[in-house]
Amino acid sequence: MKKIIIIGFLAFQSIAARAQLTESFADGDYTSNPMWTPDIASNWKIQSNQLQSNSSVVGASFQISAPSTRALNAQWEFLVNLQFNTSSLNYVDVYLISELSNLTSATNNGYFVRIGGTPDEISLYKNTLGTPSILINGTDGITNRSTNLIRIKVIRDASNAWTLEYDDAGGTNYVMDGTVIDNSFSLSNFFGIRILQSTASFHNKHFF
């Protein structure tokens, strides 16, 4: 049975049962249905039915997570809108699988997609006891733009084969960006987002 997670209008769906939980943020709240837990509440807000970053701290790292046990034979889809050119100090990590709500804990295990970084790419990482290592090294230069509206899809099948796909126009015309086999972690408790930002010109420009 394959399960899907979508964020950006977030949904958890069991294909077999057709049961679905959708988060559109239309209620202007991220604290219920599902319950998102931020590191600091003021770092996040809902704007025009989107989750938006709200930290004005220079050189900040901040995060938010929601309960999720999806880990095996699963599919994740999410839409991000980063209204800046990414860099080594300005990127987003979307944690598909995380054992802990504190995404960057030195004891955390899981998998995440990094959007940006020095190569301006979309890549899949494994996080082992707080130490990241790259699994799928995406195409360089994808996020080297002033506005990045990107829909990303990651699939982990029953044999632990991972695929990473994206549409850099925000649609569903996905481009395959890599595959890998990895079965390191099969436990998830949370799905989450971590933002690293530098100067004020990058503040409040992350939308999900």
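**Aromatic pairs, strands and turns in the predicted model**

Tyr111 is buried, its relative accessible area being 0%. This residue offers a convenient way into the structure, which is a predicted model. Across the protein chain the pLDDT averages 90, and 89% of the residues reach a score of at least 70. One stretch, residues 9-21, has a pLDDT below 50, yet in the model it makes 35 contacts beyond near neighbours in sequence.

The aromatic rings come next. Counting rings whose centres lie within 6.5 Å, the model holds nine aromatic pairs. One of them joins Tyr111 to Phe185 in an edge-to-face arrangement, with 5.7 Å from centre to centre and 65° between the planes. This pair bridges distant parts of the chain, since its members are 74 residues apart: Tyr111 belongs to strand β10 (residues 110-116), and Phe185 to the loop between β15 (175-181) and β16 (190-197). Phe185, like its partner, is buried, with a relative accessible area of 11%. A second pair is made by Phe112 and Tyr125, which count as stacked because their planes meet at 5°, with the ring centres 5.0 Å apart. Phe112 comes from strand β10 and Tyr125 from strand β11 (residues 121-128), so this pair ties together parts of the chain that are 13 residues apart in sequence. Phe112 is buried at 1% relative accessible area. Tyr125 also counts as buried, at 13%. The ring of Tyr125 has a charged companion too: Arg114 lies over its face, 5.0 Å from the ring centre. Finally, ring pairs link Tyr111 and Phe185 with Trp76 and Trp162 in a cluster.

Strands β10 and β11 also have a place in an open sheet. This sheet has seven strands, paired antiparallel in the order β4-β7-β16-β9-β10-β11-β12. Its edges are β4 (37-38) and β12 (131-136); each has a single partner strand, so one side of each is left without a neighbour in the sheet. Strands in a sheet are held in pairs by backbone hydrogen bonds, in either a parallel or an antiparallel manner. Between β11 and β12 the pairing is antiparallel and amounts to five bridges. Asn127, for instance, has Pro132 of β12 as its bridge partner.

A hairpin can be followed in β5 and β6. Side chains in a regular strand alternate between the two faces of the sheet. Strand β5 (residues 44-47) shows such an alternation: Trp44 and Ile46 point to one face and are buried, whereas Lys45 and Gln47 point to the other and are not buried. Four bridges connect β5 with strand β6 (residues 50-53), and the two run antiparallel. Ile46, on the buried face of β5, has Leu51 in β6 as its bridge partner. Two residues lie between the strands of this hairpin, and in it Ser48 takes a positive phi near 55°.

Ser48 is joined by other residues with backbone angles worth a look. Negative phi values are found in most residues other than glycine, and most peptide bonds are trans. In the loop between β3 and β4, Asn33 has a positive phi of about 55° although it is not a glycine. Asn33 is exposed, with 61% relative accessible area. The peptide bond leading from Asn33 to Pro34 is cis, with omega near -5°. Pro34 likewise lies in the loop between β3 (19-23) and β4. Asn204 also carries a positive phi, near 65°, without being a glycine. Its place is in the loop between β16 and β17 (206-207), and it is partly exposed, with a relative accessible area of 26%.

Two further residues give a view of strands β8 and β13. Gln75 is part of strand β8 (residues 74-82) and counts as buried at 10% relative accessibility. Its side chain makes a polar contact of 2.8 Å with the side chain of Glu77. Leu149 sits in strand β13 (residues 148-156) and is partly exposed, with a relative accessible area of 35%. Leaving aside residues up to four places away in sequence, Leu149 touches Leu79, Val80 and Asn81, along with Asp167, Asp168, Ala169 and Gly170. Leu149 and Phe208 are 59 residues apart along the chain, while 9.7 Å separates their C-alpha atoms.

Definitions and conventions: Residues numbered from 1 in each chain as written. Predicted model: local features only at pLDDT ≥ 70, side-chain atom pairs only at ≥ 80, totals over all residues. Heavy atoms only, no water. Phe/Tyr/Trp six-rings, centres within 6.5 Å; stacked < 30°, edge-to-face > 60°. Buried < 20%, exposed > 50% of the residue type's maximum accessible area, 1.4 Å probe, protein only. Lys NZ or Arg CZ within 6 Å of the ring centre and 35° of its normal. pLDDT = per-residue confidence, 0-100. Contact = heavy atoms within 4.5 Å. Pairing = 2+ DSSP bridges. Polar contact = N/O pair within 3.5 Å; in protein donor to acceptor, adjacent residues only side chain to side chain.
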